[in-house]
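I opened this notebook to record what I looked up in a structure that was new to me. The entries follow the order in which I consulted it.

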Amino acid sequence: MKELKIKNFTKAVMDIESDYFQIKYSSSAYDAYILGIDTRDVVSFNPLKPKHYKMAIYKVKEDGSDNFTVWLWDMEANVSYPMSIWVDDVSSISNFARFLTQTLKVADRGDFSGEPGNKITLK
């Protein structure tokens, strides 16, 4: 099993500056990195309402694949979206910021299919 270990990840993500989202908190649990994220669309002509998300990036690959499991929980809609993240997407803060921007915009538009409830589980 390959484990995702990113030096200073929880501190580095707090320094991300974006017009679209803000990292409200970041922590490292035994099996996942946990982020609290608020979106705020300040650059669109037709802005979306602010939303609150919780994201878990699991540190261990589940099925021997080349990517890691991610759950994004829309706290208002109470829907969780399963996805995956490549190591390249977390290899630098700028890559991760791009991943977050793209992922959150798709979630805000409701273009993901999800599962009811909070599917983020921690050990």
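The entries below concern a predicted model, taken topic by topic.

**Entry 1. Strand 2 and its surroundings**

I began with strand 2, which covers residues 32-39. I asked how many of its residues are buried. Eight of the eight are, so strand 2 is largely enclosed by the rest of the structure.

I then looked at the directions of the side chains. In a regular strand the side chains alternate between the two faces of the sheet. Here Ala32, Ile34, Gly36 and Asp38 point one way, while Tyr33, Leu35, Ile37 and Thr39 point the other way. I noted that both sets are buried.

**Entry 2. Pairing of the strands**

I next looked up which strands are joined to strand 2. Strand 1, residues 21-28, runs antiparallel to strand 2 and is joined to it by seven bridges. I recorded one bridge by name: Phe21 has Thr39 of strand 2 as its partner. Three residues lie between strand 1 and strand 2, and the two strands form a hairpin.

Strand 3, residues 51-58, is also antiparallel to strand 2, with eight bridges between them. In this pairing I found Leu35 matched with Met55 of strand 3.

**Entry 3. The nonpolar cores**

In soluble globular proteins, nonpolar side chains tend to be buried together. I therefore looked for such groups, with that tendency in mind.

The largest nonpolar core has 27 residues, and Ile37, Met55, Ile57 and Phe96 touch the most other members. At least two residues of this core come from each of helix 1 (9-13), strand 1, strand 2, strand 3, strand 4 (67-74), strand 5 (79-86) and helix 2 (93-109). Helix 2 gives the largest share, six residues. I also found a second, separate core of seven residues, with Ala32, Ile34, Ala56 and Trp71 among them.

I took Ile37 as an example and listed its contacts, leaving out residues up to four places away in sequence. Ile37 touches Phe21, Gln22, Ile23, Lys51, His52, Tyr53, Met55, Leu100 and Leu104.

**Entry 4. Thr39 and Asp108**

I turned to Thr39, which is in strand 2. Is Thr39 buried or exposed? Its relative accessibility is 2%, and Thr39 therefore counts as buried. Beyond four places in sequence, the contacts of Thr39 include Tyr20, Phe21, Lys49, Pro50 and Asp108.

I examined the last of these further. The side chains of Thr39 and Asp108 are joined by a polar contact of 3.3 Å. Asp108 lies in helix 2, and Asp108 is buried, with a relative accessible area of 11%. I also noted that Asp108 and Lys49 are 59 residues apart in sequence, with their C-alpha atoms 8.6 Å apart in space.

**Entry 5. Salt bridges**

I asked how many salt bridges there are, and the count came to two. In one of them Asp74 is paired with Lys51, and their closest N and O atoms are 2.6 Å apart. This pair links distant parts of the chain, as Asp74 is in strand 4 and Lys51 in strand 3, 23 residues apart. I checked accessibility and found that both Asp74 and Lys51 are buried. A salt bridge also joins the side chains of Asp111 and Arg109, at 3.0 Å from N to O.

**Entry 6. Aromatic pairs**

I counted four aromatic pairs. The ring centres of Phe9 and Phe96 are 5.3 Å apart and the planes are at 70°, so I entered this pair as edge-to-face. Phe9 in helix 1 and Phe96 in helix 2 are 87 residues apart, and the pair links distant parts of the chain. Both Phe9 and Phe96 are buried.

For Phe96 and Phe99 the centres are 6.1 Å apart and the planes at 20°, so this pair is stacked. The two residues are three apart in helix 2, and Phe96 and Phe99 are therefore separated by about one helical turn. Both Phe96 and Phe99 are buried. I entered Phe9, Tyr33, Phe96 and Phe99 as one aromatic cluster.

**Entry 7. Asn78**

My last entry concerns the loop between strand 4 and strand 5, where Asn78 is found. Asn78 is not a glycine, yet it has a positive phi of about 55°. With 37% relative accessibility, Asn78 counts as partly exposed.

Technical notes:
Residues numbered from 1 in each chain as written. Predicted model: local features only at pLDDT ≥ 70, side-chain atom pairs only at ≥ 80, totals over all residues. Heavy atoms only, no water. Buried < 20%, exposed > 50% of the residue type's maximum accessible area, 1.4 Å probe, protein only. Helix = DSSP H or I, 4+ residues; strand = E, 2+ residues; numbered from the N terminus. Pairing = 2+ DSSP bridges. Core = buried A, V, L, I, M, F, W, Y, C linked by side-chain atoms within 4.5 Å. Contact = heavy atoms within 4.5 Å. Polar contact = N/O pair within 3.5 Å; in protein donor to acceptor, adjacent residues only side chain to side chain. Salt bridge = Lys/Arg side-chain N within 4 Å of Asp/Glu carboxyl O. Phe/Tyr/Trp six-rings, centres within 6.5 Å; stacked < 30°, edge-to-face > 60°.
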